[in-house]
Every structure is written in structure tokens, then in C-alpha cells.
Amino acid sequence: MYRTKDGGGGGSMRNEWHDLIDGYLAGEVTEEQVETLSGLLREDETARAEFIRAADLQANLAVDESLWSKSESGAPIASVSQWPRWQIAAPWGIAAALAWALVAVLTQPPGDKATVGTTKPVLGLLVDEAGAKFEEGFGPENVRFDPGDYRLQEGAIHLRLENGADVIMGSPVEFRIDDSFHFALHRGSLRAFIPPSAVGFTVAAPGIDYEDLGTEFGVSVDPESGGSELHVFDGQVDAKSPDSKQILSSVLGGEAIAFSQGSLEAGRQPNEERFLTQGRIGFLRWQQQRARMEGDPDILAYFPFEESDVLSNTAVKPVATDGEIEGARWVSGRWPGKSALLFDRDTDFVELDLPGEFEALTFAAWVKLDSLDLPLNSLFNSNGRKEGDIHWEVMQDGSMILVRRFGHERQSRLTKLKVPTGKWVHLVGTISVTERQSRVYLNGELAGVDEGPLAAMTPGTSRIGHWHPIFTNESHRRELRGRIDEFAIWNRVLTEQEIQELTEAGKPNALWSARTD
Amino acid sequence: MAEKSPESTPRTCSHREFIRLFLESERELLRYVMVLVPNVSDARDIVQEAAVALWEKIDQYDPEKPFAPWACRFALNEARMFLRKQARQQRLAEEVVELVEAQRLQMTAELDQRRDHLKDCLQTLPVRQGEMVRAHYFDELSTEELSGRFGKSVEAVYKALQRTRQALQNCIEQKMAAEVGR
């Protein structure tokens, strides 16, 4: 794309540099040109300085929004709106570390506001959502909620305000935020959790204000009639006249009222089902993620662990069979409404068949371990002792391993992350013949690397939560003690990015931290 | 901030403080990284990765000192790791990268001054040129997309951007020279 200038002399040498540098910075150079540029920059300090000035100019033009505004210098927080570029319709994509950190900021009791400095204070952040779609022009700035009008058309959201209040809403809902203590609800329902720092949080409905004194309540508004309802689950909410501020009714936990055409009707019962909770959002999020996974052409098995006589493989093109449940009991999973299987006896397991030969496999599961009593705790094990078998286990010290059997299980070379007990965690193992490597991940982070198999894998008849050596009567004690509420197997190696997205999409709630230290 | 005792170093930086520091420095970190990795979306990914490393090592940060110079070490580290993953033929030689990085750090004061002048120099551009520069660099439209929008061939767009960058650099040079004279 550039042309070298003919002739010698200092001026045209500079021109050559410019073209070469410009081409490189634009990403439009050949290998030969890169080599020439390397040579030039290696030898010539002046050329390096030119290069650096040109690169910095380009960088400023690309990242410095204050260059384009009329004001003196942009508020740093404005850069949040450019990064990451988040499309609401796409899966929850904020880098896990920053999302966690942002949530952590807002879960801390609000401290001295002066320490925040001169940056524009964040009024509210979206901390969780499931398939949320806002009407054009009535959505948040990425994850940031400023004062304004909002219209949620699809899905559900969990909003955390800077005073610590949590507001959960499902579509359709239309609301206005005046500040962190004043919401107006035009249509739909919300549930609010109000800590001491947010006492006084008020939801304005047509003709009436609902002021909370802590801790949990729901409001719903019918836009046709202008009528509203208040359900108090815990604590106390005062229903007040918006003009005179006179208290019309003090409603306590376990009570509900309806307001319509200027008159108040008391003596009702609060209805939990009508108002979304945080757990429900997680569950909704999971349901959407589930649909995506079931349709993945590379997925061999997807077990959503829905209570049933068998463990169904709901992949659109299943390769593994359904699992036969032996002994394991149905209990609750990551969210209310989500079930899991509990493995807590020596004879609890799920047996399934995964026929075929594979050059690469990925296993993923959401697991909550009760204990690590045994030297090896089985996640997935082929029956017997054959070449090509797969063994995915957690060792007593929390290290995870994934091997194709031929010989003993080896300890992973890099087990800096240990699987904890007592909390829901996302466990993933990848194993590949072409890569000659197996990797295990804990909550999206690489936890171990091991030498991989030399030949294809044939898992065959296998058990989740157990190992059946077949040729002896004793169970060889690898039984899992804990619960599993999701299990999936692919015929390829998932990338770290994909694994992190799965962790993000399946996390139990917004406060769940991937970090286990 | 917590006092440091000889036996232990309690976490000196809260989550909230880290977010504030990181967001304030983000632009600086991107500038450092883009000297090694000119592609802006790669640079954003790299700075995001660096955020994770920064948070893990936040206890090593001395709050008395400015954040960006300390943080840029991590960002440059991530940038170097990124470059190593690229095909050797597409990137500058490793020792050249080291030289460029070292020199960039020495040039910080000059580059910051140039950046200040850049804002004024952008105002002096003819409107179309300013629009084109903004669309390409800030809004990340490709030369093909610009060619459609501005009704020129891709080659003409490329040349126009080149001339505009040159004009900006000339303007900046003049302002830098004028400052010396004062």
C-alpha cells in the first residue's frame, strides 16, 4: 500500500520511514517490510523516536475521547461507556475479574463519598441480567444507570444502587430513576431489598408514594387503571400521599395493600410469586445458556439435571446415552427451582454410555462438594481398566486431574488452584491428542496442565460420581460426596475464553466470586 | 489507608479505590500498550488482561505514588506476551520491542505535551478531514467503510488519512517549537 521514494538524501529517507511506519501502524505491511522496519528501528534512535510519536498519535486519536469534546478534559469514568463494548442482546460478556470487582465495589457498605474523588459517582450498576432487552433509547449506558427513564422489554435485571439498595425487575417494566432514593414505577413490578444505608428508598406509583424503612418489598403498577399494589415481605413500608407527604398506611411484613382511584384497600396477603428474586434471574440466565449449549453441534451430551427417573441428555444431537440413576437423590441446585443430584453414599452414581473414539474432549460440570474424604473423588470415570478410558477426578487435596488411562493417574504439574468444598464451583477439563495436553479449569481459571494422551479416547460405559473397576467386587472407593446440577461433554477442546463465558453465564448469583482464596 | 507493619502488609487498596484508579489510568495504559500493539481492539483486550494481574498484585502498589506508571509495567508485560503469541513474521523483533518500550518510557513527558497540543491541532483541521480521522480512529470504521461514507476509493482514503496525520504532526511540532522559544 505504500511506495518507496526513489533517490537519496535525508528528506526522502524520512519519507521512506514515514511510509513504512504508517503501513505498519495501519496493519498493512508485508513480512519483508516488517523485517526492514525492525532493522531500521534497531539501528536508529531517531527512527525509533519517530515511530513512537506516530504510534502515540494514533493511540491518542483512538482512545482519548476528550480530544473530540469541547470541554477541558473528559471525566475518566466516561471511558466505562466505551469499554467493554457490550451489546445487551449478547451473553453476559464483561471480563469476569472486572465484573466481580465492580460488584464488590457496590457490595461494600458505602463509605466516605469523599474518597471517590472527583469522578462522577455511579448511581446504579446492572449486576445481573437474563436476556435483558431495553427499548431503544431507554436502556442503561452499558451497565451504568443514570437518572432517566427506562423500559425493559424482555428478560430480567438486577440493579444495585450506590446506597446498597437492590432492585429486581422482570419485563415488561417501565420505570424512572431520579436518584438512588427515588424511583418511579410506571408499569410492571419490582422487588427491592433495602439495607440500613438505603432506608427512605421511595417508589412513586400513580397518586401514591411507597417509602421503605427496610427491608424487603414489592410494588406493581397497572398502567391501564393507574392502580398499584404494595407487598411487604419483611420490615415496614409507609404509603404516603405524594403532595402532603401524609402517611396513608404503614404496611408491615406479611401484609399487602392495593391502591386505586384514590382509595386504599388493606388486609391483603403478599404474593411472593409475582415478584422476581435474584435467584430467579440466575435461573433464567441458566435457561438461556442451556438452550445455546443444547444446540451446539460439537456437544455430545448436555445434562441439565432436571428431576426425573433418568438423567436426560437433552443435546439436540446426543451422542451419549441418558444416564441411569443409581441411588443418587434429587435435591436443590444453584437456584430455587433448579434441581441437582446428591451423591453421598458409596453406591450412588449415574451410569451412561459415551460410544465412539475421540481425538479431543471437554468435560464441564457445576459441582458443590461436601467433602474430599477419599484419595480420589470421581467426577467422571470409564468403567473398568481399558486403554482409551477417561478419568476425571478431584484429589484429596483439591487438585483436579483428567487423564486417558494407561498406567497410573499422574499429579498435574501446576495445581495452584484447589477445588473448594461447600460452594458451587465450575469445573472443566479438556483433553486432546493433537495438543498432547490435558488442562483443568476451576471457575474459568486454568488450574492444572498435564501431558496428554498419545492415542484416541474411548470413554465407553462410564459413571458420574463413581468408578466401577468391574473385575473386583470392592468399589475401589472413588465416590463423590457432593452435588452436581449440570454436566456437559463436547468433542473438542474449549478455549479459555469459552470456558470463562460458561462460568460467567452459570454463576449462581451476582455476588458469587470466582476467586476461591 | 491502613498502616503497614513489618510483619504483614494489609491490603492497602479497597475494591472501590482500585476501580477508580484503574478507570482513571485506563487511557494511559492503552497509550503505552499501543506503541507495541497498534491495533486498538487488541490493545483493549491486553489492558483488560492487565486489570486482572493488577488486582492480584494490588498490595504491591504504594498509594503515595501515581498509579499509571506502576500499572503500565503489567500492561506492557501483557503486551509482550501477546506479541509472542503472534506469528514471528508479523511482528517486530523481540529486541526491537524492548528498545521501543524503553525509549517510550523515557519520552513520556514529551508525548504528554504533544497530546495536549493534539487537541488544539484537531480544531484546526478542515471539517471533512476531522470527521474522517474521528471516524477511522475513534469510531473504528475501516478504510473500506470510510470509502463508502466519504465517496472516495480506499487508496484515496488511506492517502487522505496519511496527509491528515502529517498535518497534525506538523502542527504539533510548531507548537512544541513555540513553547521552547518562550
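1. In this predicted model, a good place to start is V203(A), whose bridge partner in strand 8 of chain A is Y210(A). On the other side of the pairing list, V203(A), in strand 7 of chain A, stands opposite F183(A). You can use V203(A) as a handle for following both pairings in the viewer.

2. The two pairings of strand 7 of chain A (residues 202-205) run in opposite senses: parallel with strand 6 (residues 182-193) of chain A, through three bridges, and antiparallel with strand 8 (residues 208-222) of chain A, through four bridges. Strands 7 and 8 of chain A form a hairpin with two residues between the strands, and G207(A) has a positive phi near 80° there.

3. Next, have a look at strand 24 (residues 437-442) of chain A. Five of its six residues are buried, so this strand is largely enclosed by the rest of the structure. Its pairing with strand 23 (residues 424-432) of chain A is antiparallel and comprises six bridges. Six bridges also join strand 24 of chain A to strand 25 (residues 445-451) of chain A, again in the antiparallel sense.

4. Y441(A) is the residue to click on here. Y441(A), in strand 24 of chain A, stands opposite V428(A), and its bridge partner in strand 25 of chain A is L446(A).

5. Both turns around strand 24 of chain A deserve a glance at the backbone torsions. The hairpin of strands 23 and 24 of chain A leaves four residues between them, and R436(A) in that turn has a positive phi of about 55°. In the hairpin of strands 24 and 25 of chain A, there are two residues between the strands, and N443(A) takes a positive phi near 50°.

6. Now to the packing. The largest nonpolar core has 57 residues, and those touching the most other members are L37(A), F51(A), L54(B), F67(B) and L92(B). At least two residues of this core come from each of helix 1 (10-25), helix 2 (31-43) and helix 3 (45-63) of chain A, and likewise from each of helix 1 (15-36), helix 2 (40-56), helix 3 (67-85) and helix 4 (94-106) of chain B. Helix 1 of chain B gives the largest share, 12 residues.

7. For a close-up of that packing, select L92(B). Leaving aside residues up to four places away in sequence, L92(B) touches Y24(A), V34(A), L37(A), S38(A), L41(A), F51(A) and V97(B). Apart from the largest core lies another one, of 42 residues, including V394(A), V425(A), L442(A) and M457(A).

Definitions and conventions. Residues numbered from 1 in each chain as written. Chains lettered and ligands numbered in written order. Predicted model: local features only at pLDDT ≥ 70, side-chain atom pairs only at ≥ 80, totals over all residues. Heavy atoms only, no water. Core = buried A, V, L, I, M, F, W, Y, C linked by side-chain atoms within 4.5 Å. Buried < 20%, exposed > 50% of the residue type's maximum accessible area, 1.4 Å probe, protein only. Contact = heavy atoms within 4.5 Å. Pairing = 2+ DSSP bridges.
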